[in-house]
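Work through the exercises below with the sequence and the model open. Each task is followed by a solution in steps.

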Amino acid sequence: MFGIAAGALLAAAVYAFANDDRLGFTLLLGIALATALGGLVLSVAGIKDSAPRWPAPGGVAAQQMPPLETTPVDRSLLTRPSFMPFFAAVVLGVFGVGLAAGHAVVIVGLILGVFVTAGWLAQCWREDPSFTGPEGAWISDRLLAPFGFPLIALTLVGIIVLSISRILLAVPKAASVAIALVLAVLLLVVFFALARQHKVNRTVIVTMGGFAFVALIAAGSYSAAAGFRTFEHPAAASTPPPTTVVAQGTAYKTKEITVTQGRVATIVFQNLDGGTYHNIAVYTERSGGSPVWNGQPIQGVKKITYNQVFTVAPGTYTFRCDFHPTAMIGTFTVKAPGS
Amino acid sequence: MTLIEDRPSPASAAPEPQTTGAAKPVYRPDVETWLDTTDHKRLGLLFVYAAIAFAVASGVLGLIIGAKQASPSLNLAADRWVRLYALHTQMSVLLFLTALWMGLAVYVVPLQIGSGRLAVPRLLATGLWTYLAGGGCFVASYLIGQPNGAGITQPTPIPAPPGGANSATTLWVVSLALIGIGFLLAAASLLTTIVALRPDGMTLMRVPAFSWATLVASAVTLVATPVFLGGLLMLGLDQHFGGTLFSPRTPGNLPIWQHTVWLYGRPDVYLLTLVALGAATDIVTTHAHRPSLDHRAVVVLLGLFGALSLTSFVASDSVTHAVIVPTYTIFTAAVAVPLGLTALLWLGTMARGRPRFHVSLAYIVGAILLWASGAVNAIAAAASHVNFPNGGSVWSAGNTHTVVAGAPTLIAVGAIYHWAPKMWGRTLNTVVGGLVFLCLFVGFFAAGLCYYLLGYNGAPLGQIGGLSSYQKTLYDIAETGGALIVLGVLVLVIDLVVSVAAARGTRTGGDPYGGLTLEWATSSPPPAWGFEDVPEVRSEAPLAYVRAEVGRARGGSDMGDRGELPAVGGAG
Amino acid sequence: MTAPLALPPAGRTRPRNLVNISLLMIVTGGLVMFAALIGAYVQLSEVASHWPPAGVNLDEYVGNMLAITAVMSAITVEWSWYSVKRDDQAQATWGLSVTALLGASFLVLLWDSARRIGFGPGSAKIGAFAIMYYALMVASGALALLGLAALLLALARTVGRQMTPTHNEMLRAVAWYWDFVVICWLAVWATVWVFT
């Protein structure tokens with residue numbers, strides 16, 4: 001079967017080559033080779049396909065044929081149900097969304113992928129014919145539990161800490177204090193109520209816990225994407241406060257930067273456009289002109305701190321984004337020292 | 001154990017637990033058992049339900065874009081319209097039709113070949129959930145922004161904006177990749193099943209037409225989808241980094257776009273017709289109560305169709321500005337040959353058999369009419385030198401609504417009506433089925449005809465505004481056709497809900513039609529393990545053979561002297 | 001009367017391994033994907049005036065190192081499969097560990113070289129060559145990453161004594177998959193580094 005397909009495709013490949021279409025040629029050659037391989041594999045796999053044609057030529061007396069048989073179906077050959085395909089697809093989806101959304105989601109997807117792979121391995125392990133109960137008990141007691149429980153605990157703690165910290169860093173100062181207090185009181189109340197129960201329904205706890213966990217992660221991710229609130233630092237006398245420039249929606253939110261000639265200028269550049277590259281680059285003219293300094297591009301959502309000494313003559317220059325030179329423009333002023 | 005002593009009838013001998021005693025619903029609505037299932041019947045049904053949901057969504061989108069085209073003063077921004085248009089075209093082919101046929105195949109094929117199970121069901125389950133994830137991401141990508149370009153049906157590549165495209169574009173590319181991977185995994189599983197799990201006696205030549213078509217289609221999918229994935233990788237990187245691979249500045253990139261990304265659509269839509277042909281052959285032979293006139297010819301023709309669908313890669317090297325080309329090259333026109341010959345075989349089989357009417361046959365007749373109209377219009381377009389502006393002509397939309405999407409959709413719905421007794425244990429309402437057929441057929445035909453006529457009038461694809469009154473009338477009629485299509489799908493959903501979920505349809509046994517192939521040799525719906533006992537296969541119509549044996553054992557042969565099979569009544 | 005339906009029964013078939021067959025289907029698909037990417041690369045190289053564009057420096061040693069590492073890892077994975085068939089658990093474990101190490105180093109070098117390629121200033125940075133280069137590297141790297149995960153899983157099951165001389169389909173499947181990854185890399189290496 002496949003041999004025929006391979007042959008036909010090889011012919012088509014030759015045709016495409018005659019058309020001077022390199023890609024088509026390579027493609028069809030590849031298809032021909034692959035299908036030839038597939039056909040070879042299938043024939044080697046020992047699929048016996050010979051049987052007499054219908055109707056039997058010449059006719060045979062029906063009485064001479066052995067009677068029809070039936071074959072009972074072996075129910076043990078059925079594959080057992082598994083959640084792993086579903087979770088594997090979820091992981092693929094998360095990974096894919098991460099490619100569009102940002103590095104953090106990709107990392108989350110990869111970590112989830114590790115868990116799903118482990119789960120699938122565990123299921124295949126259990127279903128292997130050589131698996132025995134005592135072996136399973138030994139594995140979970142000696143192997144999984146000593147490593148697994150601490151790992152799960154650390155991961156949970158890490159996730160909780162990270163999420164809450166992102167939330168607290170994103171909201172205004174007063175709100176972060178309030179949130180922390182409210183969260184603490186809420187935990188106290190909930191666990192107090194649980195401790196008072198005589199009998200606690202496991203499903204309820206699992207559902208509530210899962211809900212809280214998912215909500216926490218969602219809030220944490222959202223806060224992480226939103227970025228930090230601005231912090232005030234006690235400025236030393238000699239160093240000027242850093243200038244923060246935010247790029248969002250292919251535009252600078254800050255349109256003016258002022259630095260002092262000869263002094264270290266600290267510019268904190270925050271790129272909030274997920275997946276898009278921006279930078280800050282200083283030129284002598286509003287459009288064109290010669291470059292004074294090109295800051296390193298970063299891909300959103302990300303932040304970078306530029307520390308640069310500007311030695312050019314004091315005056316008015318332009319800063320713009322090298323990738324969006326018309327949409328993102330601002331005024332860059334160099335002051336003389338001492339003014 | 002021999003068949004004759006144990007079995008008075010071809011149906012399963014085991015008592016069906018669901019018909020005795022208190023009625024226990026067969027499919028418990030536990031979410032868990034649907035999420036972790038490896039039962040091919042459930043996986044197939046999930047595909048079918050998802051496909052129908054996407055069909056409704058895509059139909060509504062089609063109504064919206066058609067309304068805007070018919071009445072350009074409607075309050076809908078142009079860039080929104082482009083987004084909805086891209087959503088409609090891609091959703092209906094990729095997310096609806098392909099999934100619907102995949103679901104039918106996944107359900108029916110393991111039963112037809114007598115294995116009762118899939119070869120690597122977890123692979124197919126992964127494919128199903130990945131397809132759903134991809135579908136979700138696809139819709140999301142259009143909701144969160146404007147993906148670059150109007151979809152993968154454009155004949156020229158979409159250049160990347162400098163600085164990189166927005167995240168909506170990346171998500172769109174990723175979602176297409178997920179959908180492709182999902183169908184690739186499912187095709188691999190199906191192919192392995194058909195190749196490796198057939199019982200003794202079921203040679204490849206004896207495989208029923210639908211299963212054979214699925215085999216060919218899975219093989220072609222296996223070969224065509226990775227090309228698409230490669231193209232998506234290039235497109236994704238290009239868009240993400242704002243590169244120049246697909247910009248007009250780079251020489252030589254047009255064939256890359258055409259071969260990998262755009263021309264994926266060609267084998268893909270051919271495959272939809274291929275499995276439709278296979279299913280229709282099985283439907284025809286079942287209701288004609290005789291095997292096909294020449295089963296080997298059917299096998300060869302379907303295989304030829306599949307091979308030709310791949311060579312469509314070669315077809316459009318030099319054609320740069322048409323999407324679905326009316327000026328067919330040899331290879332593209334050649335697919336009409338197996339299609340026509342197969343249809344002739346159906347007519348011959350019906351003539352030689354003792355047919356009993358079933359509503360699914362009406363769908364096949366409708367599909368033949370749609371194909372015929374497509375052929376007529378193809379010749380007319382070539383003869384009248386239709387003007388094809390650079391963005392494509394509305395003529396292609398007409399072709400899509402009749403040949404590419406209309407006919408396979410009709411046959412798919414017909415297949416649902418045909419196999420509904422097996423899948424849910426209840427027959428769907430014949431009258432409602434006829435109503436659905438009328439809505440769908442008239443809708444597709446009207447929409448298709450209007451778009452064809454608009455194409456002859458010179459209207460470009462995606463035209464908004466600047467309509468002559470003739471064009472406006474045609475767009476109005478096309479909109480009405482689209483409304484009929486949506487109505488048809490909704491009525492189908494109602495029928496399913498009433499007959500199956502509300503359990504108002506007639507209960508059936510294992511073999512309501514007196515079928516010829518193995519899927520009728522088990523209860524309706526089958527148990528989780530498929531069959532209690534698989535009858536021995538000695539021909540491509542195993543159950544007919546079984547019935548003949550039974551008739552012979554009872555004494556006397558009731559064979560007609562033309563060598564026909566006995567027309568056994570439908571009791572299972 | 002002679003009944004025209006009388007047919008002799010067909011012969012028996014032996015059981016086939018399903019995982020391996022489905023894996024080979026997927027491998028077929030993967031080969032075709034690389035054919036598409038390499039074909040696109042070749043197509044662009046035929047048509048472009050300068051290929052690779054000016055300012056791009058492809059280190060010879062990177063491609064060669066990766067090819068040598070890949071071939072070595074293919075040999076070791078086959079060695080471990082033969083060891084399992086001969087019921088030699090220790091050698092099988094060693095073979096798989098070495099293969100996993102070689103695979104990991106392959107991935108590390110691939111990642112590093114792709115980050116460091118430093119396409120020249122201006123248009124070459126995001127030109128067609130860069131996109132194709134990254135496409136080939138990403139495709140090879142993704143397949144190799146999946147292969148590395150599969151190797152670690154096979155290693156786990158071998159250590160757990162689940163691979164026996166008679167039941168070793170998973171290891172064979174993993175070995176074939178890894179061979180496929182190596183073949184794809186060799187094709188990429190030949191196209192990009194050897195046949196410039």
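**Exercise 1.** What distance separates the centres of domain 2 of chain A and domain 3 of chain A, taken over C-alpha atoms?

Solution. This is a predicted model, in which local features need pLDDT of at least 70 and side-chain atom pairs count only at pLDDT 80 or more, while totals for chains, interfaces and linings use all residues. Residues are numbered from 1 along each chain as its sequence is written, and chains are lettered from A and ligands numbered from 1 in the order in which they are written.
Step 1: take the bounds, which come from an automatic or database domain assignment. For chain A they are 1-44 for domain 1, 84-226 for domain 2 and 243-335 for domain 3.
Step 2: between the C-alpha centres of domain 2 of chain A and domain 3 of chain A, the separation is 40 Å.

**Exercise 2.** State the confidence of chain A and chain B, using pLDDT (the predictor's confidence in each residue, from 0 to 100).

Solution. Step 1: chain A has a mean pLDDT of 79, with 77% of its residues at 70 or more. In residues 53-59 of chain A the pLDDT is below 50, and this stretch has nine contacts in the model beyond near neighbours in sequence. A contact means that two C-beta atoms, placed from the backbone, lie within 7 Å.
Step 2: chain B has a mean of 79, and 80% of its residues reach 70 or more. Residues 315-328 of chain B fall below 50 and have 34 contacts beyond near neighbours in sequence. Residues 557-572 of chain B are also below 50, with 32 such contacts.

**Exercise 3.** Describe helix H4 (residues 78-112) of chain B.

Solution. Step 1: helices (H or I, at least four residues) and strands (E, at least two) are DSSP runs, numbered from the N terminus.
Step 2: H4(B) has 35 residues and spans 49 Å from first to last C-alpha, close to the expected 51 Å. The expected span is 1.5 Å times one less than the number of residues.
Step 3: at Met91(B), H4(B) bends by about 40 degrees, the angle between axes fitted to the seven residues ending there and the seven starting there.
Step 4: 29 of the 35 residues of H4(B) are buried. Buried means 20 or more other C-beta atoms within 10 Å of a residue's own, exposed means 12 or fewer, and partly exposed is in between, with C-beta atoms placed from the backbone.
Step 5: Gly114(B), which follows H4(B), has a positive phi near 80 degrees.

**Exercise 4.** Which side chains of strand S3 (residues 256-260) of chain A are buried, and which are not?

Solution. Step 1: Ile257(A) and Val259(A) point to one face and are buried, whereas Glu256(A), Thr258(A) and Thr260(A) point to the other and are not.
Step 2: S3(A) pairs with strand S11 (residues 329-335) of chain A in the parallel sense over five bridges; pairing requires at least two DSSP bridges.
Step 3: the bridge partner of Thr260(A) in S11(A) is Lys335(A).

**Exercise 5.** Why is Ala447(B) classed as buried?

Solution. Step 1: Ala447(B) sits in helix H16 (residues 430-456) of chain B.
Step 2: Ala447(B) is buried because 28 other C-beta atoms lie within 10 Å.
Step 3: not counting residues up to four places away in sequence, Ala447(B) touches His401(B), Ala478(B), Gly481(B) and Gly482(B).
Step 4: Thr402(B) is 45 residues from Ala447(B) in sequence, and their C-alpha atoms are 8.2 Å apart.
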